[in-house]
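Q: Please take one residue in this model, look at it closely, and then work outward to the parts of the chain around it. I am new to this structure, so plain wording would help.

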Amino acid sequence: MKKLFIILGVLIIGGIAAFFIFRPAKPVVDKETQLQKRDLRVEFRETGQVTPRNRLAIKPPFAGRIEEVLVQEGDLIKKGEIIIWMSSSERAAMIDAARAMGDSEYKRWQEIYKPTPIVAPMNGFIILRQNEPGQTVTSADAPLVMADDLIIEASVDETDLRYIKIGDTLNMYLDAYPDDTFQGRVEHIAYESTVVSNVTVYTIKIRPLKKPKVFRAGMTATITVTAESKKDAMTIPSSFLTDKNGKKTVTVQTGKGVFETRNVKTGMSDGRHTEILSGINENDTVVILKTATAAKAKSFMSRPAPSKTTSGGNTGSGSGSAGK
């Protein structure tokens, strides 16, 4: 009977404790916010590459030997400027033979049979120097490569092309220097598409307004395109919105411990914040609720079990030691 009473007592106490711990709790405000004005901007990024607008390989009109290269990579060149002195194969053979006959013969034939100048065909700069004096080249070789200007080319998906127009100013940065942002203006959009990995793309050309000093052909660039923007939009954090049956809803606190769910009409969103067109006012407090039940239950279950101890700290048998 004694054991039965103990079991019944434990069950009764457990039931009372469970009632108070797990009884339905009133909603508790976890987070709250109100409408705020904010500039919204929806952007996407495209990958481009630094490339010459016009790339021109400088090829000699004949096979022969390079006698002198007068320019270095990066040098600015004007049209008509001499950039290479070159001997034809016949002159090179004759000069070499005259050198073997002595200095006087060598100097005489140098005056009689002069090397041929290779001149720059356009204004620009040298982007590649591939051969050095003394090397033999053919008419198919290109000792130097010129460019008139460096621009950025990017392949844009046809679905994104509607956001880009000739004359638009875009922000971009070189992947090698992500902290140095600069601007460029769209100067051309291709009229013919290409297909890359089953995606139809169009090539756009962007002229930097101010070229970074580190600008080099072949560098990868990231371009930021603004798809949509709006100033002074009335917004709330997107995390406060709930999608219910295809409609956007929010929870509004209408009084102390009183809440209601409202349908709202939303506008544009940048992912973190969403524009609210109707459904709530500036003075409304929008909340995210949580119930206290889960928190109380977790707290109760995580409490350590009480340890059993004797009054005198002695577990030995007999009543004499406890009574001393």
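A: Thr222 is buried, because its relative accessibility is 10% and the limit for buried is under 20%. The model is a predicted one. Thr222 belongs to strand 16. Asn171 is 51 residues away from Thr222 along the chain, yet the C-alpha atoms of the two are separated by 8.6 Å.

Strand 16 covers residues 220–237, and the loop that joins strand 15 (199–208) to strand 16 holds Lys211. Lys211 makes a salt bridge with Asp149, with 2.9 Å between the closest N and O atoms. Asp149 sits in another loop, between strand 10 (144–147) and strand 11 (150–157), and the two partners are 62 residues apart, so the pair links distant parts of the chain. The partners differ in how much of their surface can be reached: Lys211 is partly exposed, at a relative accessible area of 36%, whereas Asp149 is buried, at 15%.

Strand 15 takes part in a salt bridge as well. Arg207 and Glu187 meet there through their side chains, at 3.9 Å from N to O. Arg207 lies in strand 15 and Glu187 in strand 13 (residues 177–189), so this salt bridge ties together parts that are 20 residues apart in sequence. Arg207 is partly exposed, with 31% relative accessibility, and Glu187 is also partly exposed, with a relative accessible area of 29%.

These residues belong to one network. Salt bridges link Arg53, Asp149, Glu187, Arg207 and Lys211. In general, side chains of opposite charge can pair when their charged atoms come close. Over the whole structure, the search finds 15 salt bridges. Another one of them joins Lys248 to Asp243, where the closest N and O atoms are 3.8 Å apart. Lys248 is partly exposed at 34% relative accessibility, while Asp243 counts as exposed at 52%.

The largest pocket comes next. Its space amounts to about 410 Å³. The lining consists of 17 residues, and those nearest the centre of the pocket are Phe125, Ile127, Leu150, Phe215 and Arg216. Strand 8 gives the largest share of this lining, with four residues.

Strand 8 is also part of a sheet. Four strands make up this open sheet, in the order 3-10-8-5, with antiparallel pairing. Strand 3 (55–58) and strand 5 (76–77) are at the edges, and each has a single partner strand, so one side of each has no neighbour in the sheet. Strand 5 pairs with strand 8 (residues 124–129) in the antiparallel sense, over two bridges. Within this pairing, Ile77 is opposite Gly124 of strand 8.

The last part is on the surface. Leu70, Ile82 and Val119 form a nonpolar patch there, and together they have about 210 Å² of accessible area. Val119 is in strand 7 (residues 116–119). Val119 counts as partly exposed, at 40% relative accessibility, in contrast to the buried Thr222, at 10%.

Definitions and conventions. Residues are numbered from 1 along each chain as its sequence is written. This is a predicted model: local features need pLDDT of at least 70, side-chain atom pairs count only at pLDDT 80 or more; totals for chains, interfaces and linings use all residues. Side-chain values use heavy atoms; hydrogens and water are left out. A salt bridge is a side-chain nitrogen of Lys or Arg within 4 Å of a carboxyl oxygen of Asp or Glu. Buried means under 20% relative accessible area, exposed over 50%, partly exposed in between (1.4 Å probe, protein chains only). Patches are made of residues with over 30% relative accessible area and no salt bridge: like charges are joined within 9 Å, nonpolar side chains (Val, Leu, Ile, Met, Phe, Trp, Tyr) within 5 Å. Accessible areas come from the Shrake-Rupley method with a 1.4 Å probe; for residues, only the protein chains shown count as cover. Two strands pair if DSSP finds at least two bridges between them. On a 1 Å grid over the protein atoms alone, a cavity is a set of points where a 1.4 Å probe fits but cannot get out, and a pocket is an open set with protein on both sides within 12 Å along at least five of seven lines; lining residues have an atom within 4 Å of a point. Grid points are joined across faces, edges and corners, and a volume is the space filled by probe spheres set on the points.
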